[in-house]
Amino acid sequence: MRRKLLETLRQKGIQDEAVLQALWDVPRHWFLDRAFEELAYEDKAFPIDKDQSISQPYTVARMTELLQVEKHQKVLEIGTGSGYQAAILHQLGARVFTVERQRLLYQKSKAFLKELGYSRIRCFYKDGMMGLDTFAPYDRIIVTAAAENVPQPLLDQLVIGGILVIPVGSDVQEMRRIIRTDETTFKKEVFGQYRFVPFLGGLDADD
Ligand code: SAH
């Protein structure tokens, strides 16, 4: 099933071999509710707790490809969710920091990633609108929820030459890649349309 998924991803245009290898190496069925386990290698998003979702494999692959992650880079992910995207980034050799605003998801994914052996992924229960100042700057930042605007702290927390990948828009989002070319200049590129759960400010402790 995993082999078939990789074929589908290639057909849809994913070319980065390291990214495809990471999707091969990380068992997606571990990150889904038991009820969906059998369908884990279909190219579909699925619900996780708290009305959130694990992104479609194509979306994970495409965003990761756009991020151009290199080994040992510091990568900040906003929206831990199931932890799957964080595991993919870790598999690529990045030093991963991931932030989640839903307490239940933070607690579950943190424990789960540790149990799976991804204990070097550092999980934080925080509002990702503010980025994660303590460990800034980052070589790469990836936002896995739909932002209305690009939060300024995320731009501030990029190194010069750093890359931010973020879906921007309300109903439908355009995938943006923003490269910090110097202290005050950012280059923007746009790559197709996607639909994500909303990027919300503040923390949610209701579990
Ligand atoms: N990367 C995840 C996708 C999860 S869906 C995965 O691989 O499964 C997006 C996640 O972003 C949700 O869990 C949601 O709670 C979280 N989120 C939304 N707004 C946020 C914010 N301001 N800070 C941190 N996380 C946020």
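## The two sides of α1

In this predicted model, the face of α1 that is turned away from its buried side carries the exposed residues Arg3, Lys4 and Gln11. The buried residues of α1 include Leu5, Leu6 and Leu9, and because these cover an arc of only 100° around the axis, they are placed on the same side of α1.

What lies over the buried residues of α1 includes α2 and α3. After α1 comes Gly13, a residue whose phi is positive, near 115°.

## Leu9 and its contacts

Which residues does Leu9 contact, once its neighbours within four places in sequence are left aside? Leu9 is then in contact with Ile14, Leu20, Leu23, Asp43, Pro57, Tyr58 and Ala61.

Leu9 also belongs to the largest nonpolar core, which has 46 residues, and together with Leu23, Phe31, Leu67 and Tyr84 it is among those that touch the most other members. The elements that give two or more residues to this core are the helices α1 (2-11), α2 (17-25), α3 (57-67), α4 (84-91) and α5 (103-115), along with the strands β7 (158-168) and β8 (173-180). Of these, α3 supplies the largest share, with 6 residues.

Another core, of 20 residues, lies apart from this one, and its members include Leu76, Ala145, Val150 and Leu154. As a general background to such groupings, in soluble globular proteins nonpolar side chains tend to be buried together.

## The length and sides of α5

How far apart are the end C-alpha atoms of α5? They are 18 Å apart, and this agrees with expectation, because at 1.5 Å a residue the 13 residues of α5 should span 18 Å.

Leu105, Tyr106, Ser109 and Leu113 are buried in α5, and since they cover an arc of only 100° around the axis, these residues are put on the same side of α5. The face of α5 that is turned away from its buried side, by contrast, carries the exposed residues Lys114 and Glu115.

## What surrounds α5 and what follows it

The cover over the buried residues of α5 includes the helix α4 as well as the strands β4 (95-100) and β5 (122-125). Just after α5, Gly117 takes a positive phi of about 100°.

Conventions:
Residues numbered from 1 in each chain as written. Predicted model: local features only at pLDDT ≥ 70, side-chain atom pairs only at ≥ 80, totals over all residues. Heavy atoms only, no water. Core = buried A, V, L, I, M, F, W, Y, C linked by side-chain atoms within 4.5 Å. Buried < 20%, exposed > 50% of the residue type's maximum accessible area, 1.4 Å probe, protein only. Helix = DSSP H or I, 4+ residues; strand = E, 2+ residues; numbered from the N terminus. Contact = heavy atoms within 4.5 Å. Expected span 1.5 Å × (residues − 1). Arc of directions from axis to C-beta.
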